[in-house]
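This report is written for a reader at the bench who has the chain on screen and wishes to see how charged and aromatic side chains are placed within it. The sequence and structure come first.

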Amino acid sequence: MQRTIIKGAAFMAMLLWAGAATAQEISLPSGLTVTLHDVIMDAAPEVARFRFLAPAIDPAGEALSYDAVADDFQLLCDSYALPALTEAGQEVAEIIITLMDRPVTFGEISPDATQYFEPFRITAGTCIWEQF
């Protein structure tokens with residue numbers, strides 16, 4: 001499987017080149033503020049993984065539970081990931097949004113890290129939540 005990992009700053013630079021506006025920090029309805037860590041593009045099937053740093057979900061501190069941030073996933077897909085891909089001319093069948101309390105190398109086990117994931121099928125230009 002062909003996989004491309006684009007670090008947050010590089011993806012934002014690509015979007016700026018494509019004419020899309022991006023922000024360093026994204027404020028969410030839960031009160032959480034996140035930053036884009038990286039985007040992982042899988043060629044087959046066409047999947048884009050948007051991985052965001054969200055230190056406030058760290059269970060060692062004043063953690064935000066999954067329930068507290070559950071609605072943030074839809075907003076990140078609808079208002080950030082899908083428009084960014086569209087502006088960059090990238091079409092995908094699925095977007096996976098990840099919130100993580102610290103940088104985690106994709107595919108490596110990190111038992112101390114807190115990570116939340118939600119997948120979205122892309123249908124007619126819309127993010128449709130796909131329950132695992």
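The text below takes up the salt bridges, then the aromatic pairs, then a helix and a loop.

## Salt bridges

The model is predicted, and every value quoted here is computed from it. A search of the whole structure returns 4 salt bridges, and three of them are set out in the table.

| Acidic residue | Basic residue | Closest N to O distance |
|---|---|---|
| Aspartate 38 | Arginine 51 | 2.7 Å |
| Aspartate 42 | Arginine 49 | 3.4 Å |
| Aspartate 101 | Arginine 102 | 2.9 Å |

The side chains of aspartate 38 and arginine 51 meet in a salt bridge at 2.7 Å. This pair links distant parts of the chain, since aspartate 38 belongs to strand 3 (residues 33-42) and arginine 51 to strand 4 (residues 47-53), 13 residues apart. Both aspartate 38 and arginine 51 are buried. Burial is likewise found for both partners of a second bridge, arginine 49 and aspartate 42.

In the bridge between aspartate 101 and arginine 102, the two partners fall into separate classes of exposure. Aspartate 101 has a relative accessible area of 8% and is therefore buried, the cut-off being under 20%. Arginine 102, with a relative accessible area of 30%, is partly exposed, because that value lies between the 20% limit for buried and the 50% limit for exposed.

## The surroundings of arginine 51

Which partners surround the side chain of arginine 51, leaving aside its neighbours within four places in sequence? Arginine 51, which is found in strand 4, is in contact with Thr35, Leu36, His37, Asp38, Ile40, Thr98, Met100, Val104, Thr105, Phe106 and Gln115 once those neighbours are set aside. Its relative accessible area is 4%, so arginine 51 counts as buried under the 20% limit. The link to aspartate 38 also appears as a polar contact of 2.7 Å between the two side chains. In addition, a polar atom of the arginine 51 side chain lies 2.6 Å from the backbone oxygen of valine 104.

## Aromatic pairs

The structure holds 5 aromatic pairs. In one of these, the ring centres of phenylalanine 50 and phenylalanine 52 are 6.5 Å apart and the ring planes stand at 20°, so the pair is stacked. Phenylalanine 50 is buried, with a relative accessible area of 0%, and phenylalanine 52 is buried with a value of 0% as well.

Phenylalanine 50 also forms an edge-to-face aromatic pair with tyrosine 80, at 6.2 Å from centre to centre and with 90° between the planes. Because phenylalanine 50 lies in strand 4 and tyrosine 80 in helix 2, this pair ties together parts that are 30 residues apart in sequence. Both phenylalanine 50 and tyrosine 80 are buried, and ring pairs link Phe50, Phe52 and Tyr80 into a cluster.

Phenylalanine 52 has its place in strand 4. The C-alpha atoms of phenylalanine 52 and histidine 37 are separated by 5.1 Å, although the two residues are 15 residues apart along the chain. Beyond its neighbours within four places in sequence, phenylalanine 52 is in contact with several residues, among them Ile26, Val34, His37, Leu76, Tyr80, Ile97 and Met100.

## Helix 2

Helix 2 (residues 66-87) has 22 residues and reaches 30 Å from its first C-alpha to its last, close to the 32 Å expected at 1.5 Å a residue. Where along helix 2 is the kink centred? The kink, of about 40°, is centred on cysteine 77. Cysteine 77 is one of the buried residues of helix 2, which also include Val69, Asp72, Phe73, Leu76, Tyr80, Ala81 and Leu85. An α-helix has 3.6 residues a turn, so residues three or four places apart point the same way. Helix 2 is followed by glycine 89, whose phi is positive, near 75°.

## Alanine 124

A positive phi is also found at alanine 124, where the value is about 50° although this residue is not a glycine. Alanine 124 lies in the loop between strand 6 (115-123) and strand 7 (126-129). Its relative accessibility is 79%, so alanine 124 counts as exposed, the limit for that class being over 50%.

Methods:
Residues numbered from 1 in each chain as written. Predicted model: local features only at pLDDT ≥ 70, side-chain atom pairs only at ≥ 80, totals over all residues. Heavy atoms only, no water. Helix = DSSP H or I, 4+ residues; strand = E, 2+ residues; numbered from the N terminus. Buried < 20%, exposed > 50% of the residue type's maximum accessible area, 1.4 Å probe, protein only. Expected span 1.5 Å × (residues − 1). Bend = angle between axes of the 7 residues up to and from the residue. Polar contact = N/O pair within 3.5 Å; in protein donor to acceptor, adjacent residues only side chain to side chain. Contact = heavy atoms within 4.5 Å. Phe/Tyr/Trp six-rings, centres within 6.5 Å; stacked < 30°, edge-to-face > 60°.
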